[in-house]
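Open your viewer and get ready to click along. At each stop you will select something and then look at what is there.

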Amino acid sequence: MREGGLKREAGAAGLILASLGGIVGSGWLFGPLNAAKAAGPAALIAWAIGGVAILMLAFVYAELTTAFPRAGAVIALPKLSHGKLLATVMSWVVLLGYLTSAPAEATAVITYANNYVHGLVLADGTLSGAGFVAAVALLAVFALINTLAIRLVLRVNGVITIWKLAIPMLTAIAFLLARFHPANFTAHGFAPHGVAGIFSAVATSGVIYAYTGFRAAVELAGESRHPKRDLPIAIVGSVAIGFLLYAALQIAFIGAVSPGDLAKGWSALRFTGLSGPFAGLAGLLGMSWLAVLLYIDSAISPAGVAIIAYTSTPRLFYAAGHEGLVRGPFARVSRAGVPIVGVAIAFAVGVVFLLPLPSWRALIKVVAAAALLSYGMASVSLITLRRTMPVERHPRPFKLAFGVPVAGLAFIVANFIIVWTGAHTANVMMGYVLIAAVLYAVVQRATHGGFDHLEIAEAWWIAPYFAGLWALANLGPKNLTHGIGALSDLALSVILALFSVAILVVAARSGLADPVEAKQTIAAR
């Protein structure tokens with residue numbers, strides 16, 4: 001291995017396929033079923049809400065990554081705007097989401113495989129001993145692929161992604177032509193569980209989890225040949241295509257379900273092959289050829305997402321080392337230009353996460369919440385850098401129109417979805433962050449004798465921000481956040497909106513007064 005930089009070998013096609021490869025994974029295999037059970041036909045609104053939320057964040061990233069194209073942008077950007085301490089804290093959050101993504105996809109593969117190789121998944125949807133071993137083997141394969149040069153990884157992903165896009169499109173068309181019951185959209189009410197059902201579907205059914213795959217292009221920003229041109233296309237284009245695809249799949253799924261299987265309503269939907277919903281429906285419709293393709297895709301689609309997750313995760317470790325947030329060999333790359341140490345760590349920790357979270361639903365809620373928490377920081381960075389580095393004096397290659405209000409709205413929406421993931425997810429995330437913070441404080445005290453070297457003045461607000469999100473999730477209504485019910489839906493919404501605005505104002509004013517490194521980065525672009 002040698003010390004060196006990442007290679008700029010990623011073109012526009014590779015970047016957009018990388019993001020689409022993340023978006024079209026196990027989310028399409030399970031998301032439409034879970035969303036329909038949570039929200040009924042109003043699941044379409046859930047996909048729209050999720051798409052708009054992620055698209056706003058994608059536009060924010062389009063400005064930032066073209067102006068500051070750095071590997072590990074999700075943590076590099078907070079460092080540029082607020083310093084190392086905030087970047088370090090956010091690296092813990094990002095790491096949580098990344099390290100649970102590949103295990104979630106491996107679990108999805110095993111769950112579908114249980115339809116024809118029985119005994120891999122238990123009755124409650126968790127992995128059996130044999131399923132755990134199979135998932136670990138899959139993670140090892142994903143890790144090995146990512147020891148290749150990035151151009152080869154993107155080529156492998158490109159081939160997989162073409163397949164992954166073709167099969168869902170074929171499925172939507174085939175279902176619409178084979179059987180479509182318009183009455184399914186109204187028979188039990190368009191939104192049988194009301195607004196709470198829609199919000200819950202956005203956060204917990206796989207909707208947001210699916211869309212978060214757009215981050216691949218963000219993490220590969222430092223390896224883009226032409227970031228000014230390619231990154232906005234890849235980031236925004238992948239989200240837009242993903243939304244159209246998922247909307248078509250949701251419509252096709254709702255229309256294809258037999259009215260008899262809906263006798264007890266959407267929440268009680270049951271049919272043969274439910275654990276592999278699209279394949280099960282294809283079999284019931286007599287399209288055995290499609291069912292076979294879907295069972296094949298149940299391995300290929302999640303595998304493609306996991307490969308990209310293992311592409312992004314090591315680059316987070318690389319960025320943490322390169323940005324000086326951690327010590328050790330994290331900034332070292334192999335002869336192929338791959339942060340090989342990060343690949344090894346991502347595999348090892350991914351295996352560990354399979355133990356306490358051995359099911360797809362348990363994993364994706366943590367992934368989605370962690371992803372949105374980290375993505376929301378991009379809004380904070382954009383607004384802060386617009387103040388400390390005005391675009392008039394520091395032009396951006398891509399300037400987001402109405403950038404400050406769009407970024408602010410994106411931050412607020414991200415906070416809403418984080419709280420909607422529920423009290424349990426908030427407890428897991430904040431418990432993890434608290435443990436990481438205590439360990440970090442102990443290390444800093446031991447190595448530096450105190451905390452004066454930390455940029456606390458720029459990052460202090462992160463503590464009340466995290467605490468507020470945790471408290472609101474636990475105080476929220478039982479039918480939405482599974483909290484104690486101290487707040488109604490309306491009260492929660494009003495308080496959360498005001499809280500988000502207050503945090504955003506304080507955070508933007510707390511940024512580095514003179515972001516020297518950001519100015520140097522944009523000048524060297």
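Select helices H4 and H15 first: they pass each other in a left-handed crossing. In this predicted model, the axes of H4 (residues 73-82) and H15 come within 9 Å and cross at roughly 35°. To see where they meet, show the side chains of Val74, Leu77, Pro78, Leu80, Ser81 and His82 on H4, and of Ser374, Met377, Val380, Ser381, Thr384 and Leu385 on H15. Try colouring that contact of H4 with H15 by residue type: you should find seven nonpolar residues, five polar and no charged.

Keep H15 selected and add helix H5 (residues 84-113). How close do the axes of H5 and H15 come? They come within 8 Å, crossing at roughly 150°. Angles over 145 degrees count as roughly antiparallel, so H5 is roughly antiparallel to H15. The crossing of H5 and H15 is left-handed.

Now display the residues that make this contact. On the H5 side, pick out Leu86, Met90, Val93, Val94, Leu96, Gly97, Thr100, Ser101, Pro103, Ala104, Thr107 and Ala108. On the H15 side, add Trp360, Leu363, Ile364, Val366, Val367, Ala370, Leu373, Ser374 and Met377. Sorted by type, the residues of the contact of H5 with H15 are 16 nonpolar, five polar and no charged. Notice that Ser374 and Met377 of H15 are also in the list for the contact with H4.

Next, look into the nonpolar core. The largest one has 147 residues, and Phe68, Phe175, Tyr465 and Phe466 touch the most other members. Which helix gives the most residues to this core? It is H15 (residues 360-388), with 18 residues. There is also a second, separate core of 18 residues, with Ala102, Ala106, Leu120 and Leu127 among them.

Zoom in on Phe175. Apart from its neighbours within four places in sequence, Phe175 is in contact with Ala252, Ala256, Phe278, Leu281, Ala282, Leu285, Met287 and Leu290.

For a charged residue, go to Glu63 in helix H3 (residues 43-67). Is Glu63 buried or exposed? Glu63 counts as buried because its relative accessibility is 1%, and the cut-off for buried is under 20%. Show its contacts too: beyond its neighbours within four places in sequence, Glu63 touches Leu382, Arg386, Arg396, Phe398, Lys399 and Leu400.

For a contrast, select Gln520 in helix H21 (residues 516-523). Gln520 is exposed, since its relative accessible area is 51%. Draw a distance line from the C-alpha atom of Gln520 to that of Phe68: they are 452 residues apart along the chain, yet separated by 9.7 Å.

Try another pair. Ile345 sits in helix H14 (residues 340-353) and counts as partly exposed because its relative accessibility is 25%. Its C-alpha atom is 9.4 Å from that of Leu99, and these two residues are 246 apart along the chain.

Finally, zoom out to the whole chain. You can count 21 helices and two strands. Of the 525 residues, 62% count as buried. Among contacts between residues at least 6 apart in sequence, 83% join residues at least 24 apart.

Notes. Residues are numbered from 1 along each chain as its sequence is written. This is a predicted model: local features need pLDDT of at least 70, side-chain atom pairs count only at pLDDT 80 or more; totals for chains, interfaces and linings use all residues. Side-chain values use heavy atoms; hydrogens and water are left out. Helices (H or I, at least four residues) and strands (E, at least two) are DSSP runs, numbered from the N terminus. Buried means under 20% relative accessible area, exposed over 50%, partly exposed in between (1.4 Å probe, protein chains only). Contact means heavy atoms within 4.5 Å. A nonpolar core is a set of buried Ala, Val, Leu, Ile, Met, Phe, Trp, Tyr and Cys residues joined through side-chain atoms within 4.5 Å. Axes are lines fitted to C-alpha atoms, for helices over the stretch in contact, and angles run from 0 to 180 degrees between N-to-C directions. Angles under 35 degrees count as roughly parallel, over 145 as roughly antiparallel, 65 to 115 as roughly perpendicular and the rest as oblique. A crossing is left-handed if the near helix is turned anticlockwise from the far one by less than a right angle, and right-handed if clockwise. Ala, Val, Leu, Ile, Met, Phe, Trp, Tyr, Cys and Pro count as nonpolar, Asp, Glu, Lys and Arg as charged, and the others, Gly among them, as polar.
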